[in-house]
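Open the model in a viewer and keep the selection tool at hand. The stops below go from a sheet to the helices on it, then to a hairpin and a core.

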Amino acid sequence: MPSRSRKSRSYDPEKTRRALVAQAGAVAEAVRGLAPEAFQRRTRVGGWTVRELVAHLARQVEVMPRVLAAEAPAAADLTLTRWARSTASLADRLDADTREAADESPDVADRLTRAVAALEAAVAGPLPDRLVRITLGSLTAADFAVTRLVELVVHTDDLADATGLDIPVDRQALAATTRLLADALAEAAPGNSVELRVPPFAAVQCVTGPRHTRGTPPNVVETDPLTWIRMATGRLTWAEALDSARLSASGERADLSGYLPVLG
């Protein structure tokens, strides 16, 4: 029996706006405190240095004011889950653009600070009820803000990993990122035989197979939000998460490794 269509999850625009400003500010403050030599450290992202990662973060923040200032498209043709599952197609372009941004920016920390200031000005009030156009398609401004949360949360964790900094992660930003990546998995592997639990933020059913109707499902995967985000973005493998006891999986179908990562 085919699985039923899943209803798209909605995100509160005001909570998203506040989380976006908070997370952008937190990462900019952390970067301003880095010693000059820290910018030359290697990160776990595509061979980038910390300097290149910060340049990438600046670019991801800069785009929000830019699309809000541009003409609105007539119709939406991009969902959040499709955005998440399509980012891998832009990997080469993003890598080239990031390295170019780092090369052209004498002070990447200053560029990020200025990008965050421009973001704060652009979203000082409620997010506008309009569409915006990005490379992958058109979506609402509120949904695009959710994609910026994903970028910020994922790369805040990358920056913390490379530098050893304890960078705060906004709870709402973490929740939105966790939920979107879980929903993207459920879309990529439709079905009801496995339940992925990422408490306290998400629980989705996925993978074709027998459908359970009551009680505990026969196949359960459970982990914490940051571990899930790292697996969903290719920072951590399924085997590594299991070996470190950060992931539990029970049931003969409870192996999601073939569906990961979901975000490029």
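Start by selecting strand E5 (residues 220–223) and strand E6, which pair in the antiparallel sense over 4 bridges. Strands here (E, at least two residues) and helices (H or I, at least four) are DSSP runs numbered from the N terminus, and two strands pair if DSSP finds at least two bridges between them. Valine 220 stands opposite serine 250 of E6.

This is a predicted model, in which local features need pLDDT of at least 70 and side-chain atom pairs count only at pLDDT 80 or more, while totals for chains, interfaces and linings use all residues. Residues are numbered from 1 along each chain as its sequence is written, and side-chain values use heavy atoms, with hydrogens and water left out.

Widen the selection to the open sheet of 4 strands, ordered E4-E3-E5-E6 with mixed pairing. Its edge strands are E4 (202–206) and E6 (247–250), each paired on one side only. Neighbouring strands are turned by 10° against each other on average, direction ignored; axes are lines fitted to C-alpha atoms, for helices over the stretch in contact, and angles run from 0 to 180 degrees between N-to-C directions.

Next, add H7, which lies across E3 (194–198) and E4 and runs at about 5° to E4. Helix H8 (residues 225–232) also packs on the sheet, touching E3, E5 and E6, and its direction makes about 110° with that of E5.

Now show H6 (residues 141–163) with H7 (residues 171–188): their axes come within 9 Å and cross at roughly 100°. That makes H6 roughly perpendicular to H7, a term for angles of 65 to 115 degrees. The contact (heavy atoms within 4.5 Å) is made by Val146, Leu149, Val150 and Val153 of H6 and by Ala173, Leu174, Ala176, Thr177 and Leu180 of H7.

Go to strand E1 (residues 131–134) and strand E2 (residues 137–140), an antiparallel pair with 4 bridges. A hairpin joins E1 to E2 through 2 residues. Valine 132 has leucine 139 as its bridge partner, and leucine 131 has threonine 140.

Which residues touch the most other members of the largest nonpolar core? Select Trp83, Leu112, Leu196, Trp228 and Leu256, out of 90 residues. Such a core is a set of buried Ala, Val, Leu, Ile, Met, Phe, Trp, Tyr and Cys residues joined through side-chain atoms within 4.5 Å, buried being under 20% relative accessible area with a 1.4 Å probe, protein chains only. H6 gives the largest share of this core, 13 residues.

Finish on tryptophan 83: leaving aside neighbours within four places in sequence, its contacts include Ile134, Leu136, Val150 and Leu180.

Key: Parallel < 35°, antiparallel > 145°, perpendicular 65-115°, else oblique. Buried < 20%, exposed > 50% of the residue type's maximum accessible area, 1.4 Å probe, protein only.
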